[in-house]
Every structure is written in C-alpha cells, then in structure tokens.
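Reader: I am new to this structure and would be grateful for a close look at a single part of it. Please take one place where the chains meet and describe, in connected prose, what surrounds it.

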Amino acid sequence: MSIDFHKALGIHQDTLRLRAERTKVLASNIANESTPGYQSRDIDFAAALQSVLSDGEAGQGLETGDGGLQYRVPYHPSQDGNTVELGVEQAAFSQNASDFQTSLTFMNMKLKGLAKAIAGQ
Amino acid sequence: MSFRHIAQIAGSAMAAQTVRLNTVASNLANAQSASDSEASTYRARKPVFASVFSADGMGSGQLPGARVQVLDVVESTEPLRRAYEPENPLANEAGEVFYPNVNSVAEMTDMMAASRAFETNVEVLGRLKSMQQSLLRLGEG
C-alpha cells in the first residue's frame with residue numbers, strides 16, 4: 001500500500017494555491033492604489049475553490065484568465081476612475097495572509113499524521 | 001507559486017512611488033526659483049501612472065497581476081506667478097520676475113500620499129516574505 005500525497009493532503013493544497021493567487025491579485029490592487037482608471041479586482045474564493053474541486057482528480061484546473069476575477073464595487077467612487085480603497089484592500093490582504101497560514105497549519109498537521117503513520121507510533 | 005510575481009508587483013509600485021516622491025522633492029526645492037521669462041521658469045512636474053496587466057511568462061491557471069508603470073512625467077499647465085520686483089537681478093526690462101506654479105500645500109499632501117503608498121507596499125513585501133518562509137518550513141514540525 002503506497003501513500004498518495006495528493007489524496008493525503010486533500011483540499012488544503014488547492015486552497016493554498018488559491019490563497020497565493022489571491023495574494024497576487026490583492027498585491028496588484030495595493031500597488032495600483034494611485035493609478036488613474038485602475039479597477040480593483042478580487043477572487044470569489046468560494047466559487048474558485050468550487051471550480052477547482054469540480055475539476056475532479058486532475059486538481060490543476062484553477063480558473064484561467066479573468067474567469068475567476070471579479071471587480072470590486074467601491075464604497076466611495078473617485079473622480080479618476082480608480083476603485084482601490086486602501087483600507088479594504090489592506091484588510092483583505094491581511095485576512096488572506098492569515099488564511100494562507102491556516103492552510104499551511106492544516107497541511108503541517110496532515111504531514112505530521114503521515115509521519116506518525118510511517119514511523120508506526 | 002507566484003511569489004516572484006507578487007514581489008515584482010510590489011517592487012514596481014515602490015519604484016513608481018519613488019518617482020512621485022522625486023518629483024515632489026524637485027517641485028518643493030524649486031518652488032522659489034525665479035526667472036526672467038515664462039519659457040525658462042520651472043514648472044511643477046507630475047508623474048503619470050498606468051497599470052500593466054501581464055499574463056506572460058506564467059503557466060496556465062494563473063491570474064494576471066497588474067504592475068505599475070510610470071508612463072511619463074508631465075509639466076503643470078497652471079499659470080505662473082508673476083511678480084513686480086525691479087530690484088531683483090533676474091528681473092526683465094519691465095521689472096518683472098516669474099515664479100514657478102508650484103502649489104506647496106498640494107505637494108505636501110502628495111508627498112504624504114506617496115510615502116504612505118510606499119510603506120504599504122513595503123508591508124506587502126514583508127508579509128510576503130513571512131508567507132514564503134512558512135511555506136518553506138512546511139512539514140518540519
């Protein structure tokens with residue numbers, strides 16, 4: 001009986017990859033805070049994860065292109081067409097970073113369980 | 001993983017904000033640089049930012065990030081300040097000198113906005129580093 005890492009780690013590897021992608025999108029928003037006409041974007045995490053999971057065992061099919069991206073609706077639209085609101089983006093970014101750590105923690109726990117099983121303790 | 005791209009995005013924003021701070025410093029430094037003609041007077045400069053959506057060099061299943069690019073640095077078209085100072089060695093035949101169209105208050109607020117944006121991107125890089133490091137320690141315990 002062999003250990004299948006893909007099965008053993010379960011959903012967490014997909015969430016981890018999604019979190020990393022979302023970090024990029026949010027970093028883009030923060031970077032373009034003062035670019036006129038830039039429209040803030042974000043990933044709908046639940047929908048993106050659902051599409052990853054429905055792809056079945058392939059597991060590599062994170063939404064390509066702009067399919068998984070949605071535009072954020074600003075609370076206070078600005079004159080120059082920029083829809084980045086720094087507070088919102090910063091909150092989303094740190095929330096996303098914490099979620100990334102959470103996914104990592106889950107993965108670490110899974111790996112610890114595997115190590116225990118291998119050592120036969 | 002796309003950590004390298006994130007670092008590039010944050011880095012491009014920091015570079016753009018540095019250009020902005022640079023123009024602010026130049027504007028404030030030259031706010032009182034008088035001249036004898038309209039053509040030779042310093043005019044306030046401002047950078048123009050644009051976002052660059054790049055999906056190139058990425059594998060499938062990656063979302064495009066957006067870097068910041070400084071398109072150009074443009075000069076302000078506000079009218080210059082004209083002053084009658086016949087004792088000024090720079091004054092022209094009519095005894096007038098021209099002062100730059102730098103608005104110090106606007107420049108100061110611009111400076112604060114630029115340095116805040118720079119700091120935010122530094123924070124992003126810092127957080128990115130800790131994410132990457134904990135990913136590298138995956139499975140260690």
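Author: The part chosen here is a helix contact between the chains of this predicted model. On the side of chain A, helix α2(A) brings A:Thr23, A:Lys24, A:Ala27, A:Ser28 and A:Ala31, and these meet B:His5, B:Ile6, B:Ile9, B:Ala10, B:Ser12 and B:Ala13 of helix α1(B). Sorted by class, the contact of α2(A) with α1(B) comprises 6 nonpolar, 4 polar and 1 charged residues.

The geometry of this pair comes next. The axes of α2(A) and α1(B) lie 9 Å apart, and the helices pack at an angle of about 5°. An angle under 35 degrees counts as roughly parallel, and α2(A) and α1(B) are therefore roughly parallel to each other.

Helix α2(A) also packs against a second helix of chain B. Helix α2(A), residues 12-31, and helix α2(B), residues 104-136, have axes 10 Å apart and pack at an angle of about 165°. Because angles over 145 degrees count as roughly antiparallel, this description applies to α2(A) and α2(B). Their crossing is left-handed. The residues that meet here are A:Ala27, A:Ile30 and A:Ala31 from α2(A), with B:Thr120, B:Asn121 and B:Val124 from α2(B). By class, the contact of α2(A) with α2(B) holds 4 nonpolar and 2 polar residues, and no charged residues. A:Ala27 and A:Ala31 thus appear in the contact with α1(B) and again in the contact with α2(B).

The two helices of chain B are packed against each other as well. The axes of α1(B) and α2(B) come within 9 Å and cross at roughly 160°, and these two helices are therefore roughly antiparallel to each other. The crossing of α1(B) past α2(B) is left-handed. Residues in the contact of α1(B) with α2(B) fall into 16 nonpolar, 6 polar and 3 charged.

One residue of chain B links these three helices. Neighbours within four places in sequence aside, B:Ala10 is in contact with A:Ala27 and A:Ala31, and also with B:Asn121, B:Val124 and B:Leu125. B:Ala10 itself is among the α1(B) residues that meet α2(A).

The nonpolar residues of this region belong to a wider core. The largest nonpolar core has 27 residues, and those with the most contacts inside it are A:Ala27, A:Ile30, A:Ala31, B:Ile9, B:Ala10, B:Ala13 and B:Val124. Two or more residues each are given to this core by α2, α3 (45-54) and α4 (86-119) of chain A, and by α1 (3-29), β2 (65-75) and α2 of chain B. The largest share, 8 residues, comes from α2(A). In soluble globular proteins, nonpolar side chains tend to be buried together.

A charged residue of chain B touches the same surroundings. B:Arg67 lies in strand β2 of chain B. A residue counts as buried when 20 or more other C-beta atoms lie within 10 Å of its own; B:Arg67 has 23 such atoms and is therefore buried. Residues up to four places away in sequence not counted, B:Arg67 touches A:Ala31 from the other chain, together with B:Gln8, B:Ile9, B:Ser12, B:Ser51, B:Val52 and B:Ser54. Of these, A:Ala31, B:Ile9 and B:Ser12 also take part in the contact between α2(A) and α1(B).

The helix contacts can now be set within the whole meeting of the chains. The contact takes 31 residues from chain A and 30 residues from chain B. On the side of chain B that touches chain A, at least two residues each are supplied by α1, β1 (45-54), β2 and α2. The largest share of that side, 9 residues, comes from α2(B). Its residues divide into 16 nonpolar, 12 polar and 2 charged.

Finally, a word on the chain to which α2(A) belongs. Chain A contains 4 helices and 2 strands, and along the sequence they follow the pattern α-α-β-α-β-α. Chain A has 121 residues, of which 33% count as buried. Among contacts in chain A with a separation of 6 or more, 78% join residues 24 or more positions apart.

In summary, α2(A) runs roughly parallel to α1(B) and roughly antiparallel to α2(B), and α2(A) provides the largest share of the largest nonpolar core.

Conventions: Residues are numbered from 1 along each chain as its sequence is written. Chains are lettered from A and ligands numbered from 1 in the order in which they are written. This is a predicted model: local features need pLDDT of at least 70, side-chain atom pairs count only at pLDDT 80 or more; totals for chains, interfaces and linings use all residues. Axes are lines fitted to C-alpha atoms, for helices over the stretch in contact, and angles run from 0 to 180 degrees between N-to-C directions. Angles under 35 degrees count as roughly parallel, over 145 as roughly antiparallel, 65 to 115 as roughly perpendicular and the rest as oblique. A crossing is left-handed if the near helix is turned anticlockwise from the far one by less than a right angle, and right-handed if clockwise. Two residues are in contact if their C-beta atoms, placed from the backbone, lie within 7 Å. Ala, Val, Leu, Ile, Met, Phe, Trp, Tyr, Cys and Pro count as nonpolar, Asp, Glu, Lys and Arg as charged, and the others, Gly among them, as polar. A nonpolar core is a set of buried Ala, Val, Leu, Ile, Met, Phe, Trp, Tyr and Cys residues joined through C-beta atoms within 7 Å. A residue is buried if 20 or more other C-beta atoms lie within 10 Å of its own, exposed if 12 or fewer, and partly exposed in between; C-beta atoms are placed from the backbone.
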